[in-house]
Amino acid sequence: MTSLIRLLRNYGIAPDLTVLVATIIAGVLALAVIIVVFVLISRILLRVITHLAARTSTRLDDLLLKHNVFTGLFRLIPPVLIHLLSAPVLVYYPATLLLVRDFAVLSMIVVVVVVIFSLLDALLEFFSEFSKESRVPVKSFVQVTKTLAVSIALVVVVSKLMGKSPLVFLGGLGAFTAVLLLIFKNSILGFVAGIQLSSNNLVRVGDWIDMPKYEADGEVTDISLVTVSVQNWDKTISTIPAYALISEGFRNWRGMNESGGRRIKRSLNIDMTSIRFCDDAMLVRLQHIQLLREYLDKKTAEIDKYNRRDEIDDRFEVNERRLTNIGIFRAYLSAYLHHHPKVNASMSLIIRYLEPTSNGLPIEILVFSCEKEWAAFEQVQADILDHIIAVLSYFDLRIFQYPGSYTVGKSARNPVQPVQE
């Protein structure tokens with residue numbers, strides 16, 4: 001700088017202007033050097049890195065290039081050079097030197113934060129692609145890291161502008177702790193909830209959860225620091241606070257998906273006036289049902305043996321053991337469901353009576369469908385129910401239902417004839 005001032009004075013420039021002119025010339029030269037160095041290094045190194053990344057089999061370096069991590073690192077060159085070259089250029093302007101250096105430091109902080117964000121985005125995409133079944137909520141930790149990076153950057157920037165040490169500035173934050181906790185309440189609760197959800201393996205992306213309070217019933221598509229997004233079966237999106245999953249509870253259907261079937265639970269109300277003992281004609285007719293032949297042969301032989309042994313008076317049906325139409329119907333349902341190709345017979349298969357009511361005798365079916373996908377499951381369930389309703393008439397059973405227009409009309413066309421005395 002001294003040589004440049006001496007050179008300017010030799011050209012006859014006024015002494016009071018030589019320092020200013022020399023500073024301007026030195027600044028322009030320094031700016032040109034910074035631009036040339038930045039362009040050359042960034043272009044050459046970026047091409048080399050791109051070439052090396054294309055030749056490697058790993059996916060991470062490609063993601064770093066995609067998210068401009070290396071480009072962000074190259075952007076550190078200008079503020080670093082400005083900070084280094086400002087001292088010799090502005091040696092005669094100390095106040096301006098401090099401003100330029102502060103500007104360079106602030107620029108470096110901003111660039112570093114941007115690079116951290118890009119790096120975290122690249123890591124998030126990497127773990128999302130190769131760790132889909134991971135129990136760790138990576139996105140939540142990434143968001144927490146971003147929040148910490150921004151917070152630290154703000155502390156450094158504010159302390160730099162105030163001319164204080166960051167430690168002094170942090171020491172004065174004690175009075176604002178309550179305010180900070182209030183501002184970051186959802187983030188803190190969400191972060192804690194994310195740790196609990198991951199450590200206990202309560203929910204993962206891809207799980208089917210049910211939370212009626214938030215009208216959520218579908219697949220988890222995203223778990224972030226504050227919210228959990230659920231795509232419902234009607235393709236709407238429900239957003240649930242992450243901490244609500246811990247504080248309020250929810251239903252996760254993952255156990256069903258990982259098991260051998262999805263439960264079918266349906267009941268039919270049987271008209272109790274249609275329940276009766278089976279006569280010989282009915283037994284002969286039911287013998288033609290293939291699924292019942294073995295059962296009927298075994299059961300009739302057992303009953304006949306019992307009645308002969310105890311010398312039962314067969315003039316009254318109530319004295320002897322007899323088969324009922326609803327008992328044979330239950331046996332038929334059991335055999336039918338065991339042989340159904342879409343029913344997992346290795347899991348629970350229960351056919352039971354519920355408490356009789358004024359609407360008849362409920363008979364409940366509990367089985368597990370091999371099909372767990374929603375549409376296919378509903379098809380299996382409908383097919384089973386269709387068949388059960390259709391075969392009731394073979395057993396002289398009726399479903400209880402309130403009189404409709406068809407029943408009323410039929411009764412009107414066929415009135416009950418009075419008894420002739």
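**Figure 1. Helix α15, a largely enclosed helix.** Eleven of the 15 residues of α15 are buried, so the rest of the structure largely encloses this helix. The view comes from a predicted model, and helix α15 (residues 325–339) is where confidence in the protein chain is highest, at a mean pLDDT of 94. If you would like to pick out the buried positions, they are Asn325, Ile326, Gly327, Ile328, Phe329, Ala331, Tyr332, Leu333, Ala335, Tyr336 and Leu337. What covers these residues? The cover includes the strands β6 (262–270), β7 (350–353) and β8 (361–369), together with α13 (280–286), α14 (290–309) and α16 (374–391). A quick check of the helix geometry also works out: at 1.5 Å a residue, α15 should span 21 Å, and its end C-alpha atoms are 21 Å apart, which agrees.

**Figure 2. The largest nonpolar core.** In soluble globular proteins, nonpolar side chains tend to be buried together. Here the largest nonpolar core has 35 residues, and Ile328, Phe329, Leu337 and Phe395 are those with the most contacts inside it. Two or more residues come from each of β6, α13, α14, α15, β8 and α16. Which element gives the most to this core? That is α15, with eight residues. A second, separate core has 14 residues, and Ala193, Val220, Ile240 and Ala242 are among them.

**Figure 3. The surroundings of Ile328.** This close-up stays with one of the residues that have the most contacts inside the largest core. Leaving aside residues up to four places away in sequence, Ile328 touches Leu283, Leu286, Leu292, Leu296 and Leu323. The list of contacts also holds Cys278, Tyr295 and Phe395. Ile328 itself is one of the buried residues of α15.

**Figure 4. Two cysteines in two settings.** Is Cys278 buried or exposed? Cys278 has a relative accessible area of 2%, so this residue is buried. Cys370, in turn, has a relative accessible area of 36% and is therefore partly exposed. A disulfide is a covalent bond between the sulfur atoms of two cysteines. A search of the whole structure finds zero disulfides.

**Figure 5. Gln381, a buried residue in α16.** Gln381 has its place in helix α16. Its relative accessibility is 8%, so Gln381 counts as buried. Which residues does Gln381 touch, not counting those up to four places away in sequence? The contacts are Ile264, Lys265 and Arg266. Helix α16 is also among the elements covering the buried residues of α15.

**Figure 6. An open sheet of five strands.** Strands of a sheet pair through backbone hydrogen bonds, either parallel or antiparallel. In this sheet the order is β4-β3-β2-β1-β5, and the pairing is antiparallel. β4 and β5 (251–252) stand at the edges with a single partner strand each, so one side of each has no neighbour in the sheet. Strand β2 (residues 216–223) joins strand β3 (residues 227–232) over five bridges, and Glu219 has Gln231 of β3 as its bridge partner. Five bridges also link β3 to strand β4 (residues 237–241). For a closer look at the register with β4, Val228 stands opposite Ile240, while Ser229 has Thr239 as its bridge partner.

**Figure 7. Two residues with a positive phi.** Most residues other than glycine have a negative phi, and most peptide bonds are trans. Lys235 has a positive phi near 75°. Where is Lys235 found? Lys235 is in the loop between β3 and β4, in a hairpin with four residues between the strands. Its relative accessibility is 62%, so Lys235 counts as exposed. Asn68 is not a glycine either, and has a positive phi of about 60°. This residue lies in the loop between α3 (60–66) and α4 (69–74). With 43% relative accessibility, Asn68 counts as partly exposed.

**Figure 8. Where to read the model with care.** The protein chain averages a pLDDT of 80, and 80% of the residues score at least 70. Which helix has the lowest confidence? That is α17 (residues 405–413), at a mean of 54. Over residues 416–421, pLDDT stays under 50, and the model has zero contacts for them beyond four places in sequence.

Notes. Residues numbered from 1 in each chain as written. Heavy atoms only, no water. pLDDT = per-residue confidence, 0-100. Contact = heavy atoms within 4.5 Å. Disulfide = S-S within 2.5 Å. Buried < 20%, exposed > 50% of the residue type's maximum accessible area, 1.4 Å probe, protein only. Expected span 1.5 Å × (residues − 1). Pairing = 2+ DSSP bridges. Core = buried A, V, L, I, M, F, W, Y, C linked by side-chain atoms within 4.5 Å.
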